[in-house]
Amino acid sequence: MKWSFGIHGSLVLSTALSVVASDWPQWRGPQRNGISQETGLLKEWPKDGPKLRWRVAEAGSGYSTPAVVGDRLYLLANEGLDHEFVQALAVKDGKRVWSTDLGKVGNAKQQPSFPAARSTPTVESEFLYALGSDGDLACLERGTGKVRWQKNLRVDFRGKPGEWAYSESPLIDGDTLLCTPGGNAATLAALNKKTGQVLWQCALPEGDEAAYASAISVEVGGVKQYVQLLQKGLVGVEANTGRFLWRYGKPVSRYGANIPTPVADQGYIYCAAAGTGAGVVKLQVKDGSVEAQQAYFAANLPSAIGGTVKVGNFLYGTTGQAILCVEFATGQVKWEERALGAASLCYAGGRLYCHGENGDVLLVEPSPDSYREKGRFTPPAQPKHAPPMERAWAYPVVANGSLYLRDHGTLWCYDVSAAN
């Protein structure tokens with residue numbers, strides 16, 4: 001865990017897993033904010049992009065991103081609708097080391113129809129935690145893929161996901177695993193990560209369906225809480241007990257697609273809902289109670305599937321048409337550039353890595369002054385998308401000098417180290 005002070009002087013607790021700084025052990029990186037502390041990376045790419053190390057064309061279907069720890073990467077995928085699995089691949093060549101079945105693909109009859117694996121596994125110590133799209137939650141030995149314990153969010157918690165099934169990536173916080181079954185029995189639930197034993201269940205009176213975001217851990221004013229974006233808005237619950245603390249109902253997607261993971265900074269939380277807008281709430285704590293006060297909300301702020309990252313005092317993300325730089329404290333748009341359209345982002349080595357929904361990849365120097373592109377390329381042999389609305393939705397990952405990109409069954413690994 002890491003304590004840090006921000007521009008507003010209060011405290012936030014971010015959960016960082018026990019790995020080396022250049023690993024990417026879970027959804028959105030070591031601290032779940034899309035940021036890597038890795039250095040020694042290329043500041044600018046050659047005309048045709050960085051060197052391709054390898055490409056795997058049969059990694060399995062799905063939209064999840066890999067978790068990368070040491071010499072292996074871990075990825076969820078599916079083959080057909082009856083076989084969803086988690087797998088370990090070798091970092092050096094992308095070859096499969098082991099594969100373990102989780103269950104079937106959830107909500108096969110979707111509208112629009114994109115049934116596939118969605119979650120990113122979480123790696124901590126010698127174990128891996130994976131959530132299948134039908135609610136199959138498992139703890140596995142990461143060396144062998146052997147299942148240590150397993151539950152199902154639908155069966156064990158009467159869970160209720162949204163139209164596009166479960167997409168959450170499990171949060172590990174100390175000895176606790178936090179997950180979001182959804183529904184009015186256990187909207188959120190905390191389990192013992194070692195045994196799967198239930199620690200608490202939080203049944204919200206609104207009975208929110210689980211959305212498609214992943215929870216984060218935040219501490220403000222001495223109150224540690226888990227913050228999650230559900231189908232009916234953003235909520236916070238007390239970490240130790242599951243006690244409901246607050247709700248912010250503005251971020252509700254008009255498409256039923258609450259997707260981006262919230263971004264927290266010292267008691268301020270950015271949240272977005274597709275087709276509705278995005279903004280920031282400030283958490284105020286008094287006598288153990290927490291109130292979420294809106295700082296700003298606007299329809300033109302980044303709300304695309306690909307999320308946002310905060311670098312310094314500024315937030316970077318995309319709408320359906322452009323990439324934006326936004327002052328985090330005020331919501332003021334510093335610049336807007338129609339360079340790529342909707343994209344997913346991460347930050348490493350002083351640069352933003354942007355994976356466009358159209359398949360293109362950009363390297364951008366973050367600056368509030370202007371848009372500064374430092375490289376662009378299109379990965380070769382991109383897969384065909386069966387549904388006409390399907391795009392390249394998987395987030396980019398930077399770990400140990402490599403850039404990993406996924407588009408459905410295809411996985412690319414690029415050398416972005418400056419040492420070569």
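A pocket, as I use the word here, is an open set of grid points with protein on both sides within 12 Å along at least five of seven lines. With that settled, a reminder that what you see is a predicted model.

The largest pocket holds about 980 Å³ of space. Its lining is made up of 33 residues, and those closest to the centre are Ala257, Ile259, Ile305, Glu357 and Trp393. By class, that lining divides into 18 nonpolar, 12 polar and 3 charged residues.

Keep Trp393 in mind, since it comes back when we turn to the rings. A search of the whole structure gives 12 aromatic pairs. In one of them, Tyr63 and Trp393 meet edge-to-face, with 5.3 Å from centre to centre and 65° between the planes. Where do Tyr63 and Trp393 sit in the chain? Tyr63 is in the loop between β3 (51-56) and β4 (67-69), while Trp393 is in the loop between β31 (372-377) and β32 (397-399). The two are 330 residues apart, so this pair links distant parts of the chain. Both Tyr63 and Trp393 are buried.

Ring pairs also join Trp45, Tyr353, Phe377 and Tyr414 into a cluster. A ring can have a charge over it as well: Lys310 lies over the face of Phe328, at 5.3 Å from the ring centre.

Now the nonpolar core. The largest one has 28 residues, and Trp45, Val68, Leu73, Tyr353, Leu403, Tyr404 and Leu411 touch the most other members. Trp45 and Tyr353 were in the ring cluster too. Which elements give two or more residues to this core? They are β3, β5 (72-78), β28 (343-348), β30 (361-365), β32, β33 (402-407) and β34 (410-415). β34 gives the most, with 4 residues.

Last, the enclosed space. There are 3 cavities of 30 Å³ or more in the structure. About 50 Å³ of space lies in the largest cavity. Which residues line the largest cavity? Pro260, Thr261, Pro262, Tyr270, Cys271, Ala272, Pro302, Ser303, Ala304, Gly307 and Thr308 do. Strand β21 (residues 268-273) supplies the largest share of that lining, 3 residues. Sorted by class, the lining of the largest cavity has 7 nonpolar residues, 4 polar and no charged.

To go back to the start: Trp393 is among the residues closest to the centre of the largest pocket, and Trp393 also pairs edge-to-face with Tyr63.

How values were computed:
Residues numbered from 1 in each chain as written. Predicted model: local features only at pLDDT ≥ 70, side-chain atom pairs only at ≥ 80, totals over all residues. Heavy atoms only, no water. Phe/Tyr/Trp six-rings, centres within 6.5 Å; stacked < 30°, edge-to-face > 60°. Buried < 20%, exposed > 50% of the residue type's maximum accessible area, 1.4 Å probe, protein only. Lys NZ or Arg CZ within 6 Å of the ring centre and 35° of its normal. 1 Å grid on protein atoms, 1.4 Å probe; cavity = no way out; pocket = protein on both sides within 12 Å on 5 of 7 lines; lining within 4 Å. Points joined across faces, edges and corners; volume = space filled by probe spheres on them. Nonpolar A, V, L, I, M, F, W, Y, C, P; charged D, E, K, R; others polar. Core = buried A, V, L, I, M, F, W, Y, C linked by side-chain atoms within 4.5 Å.
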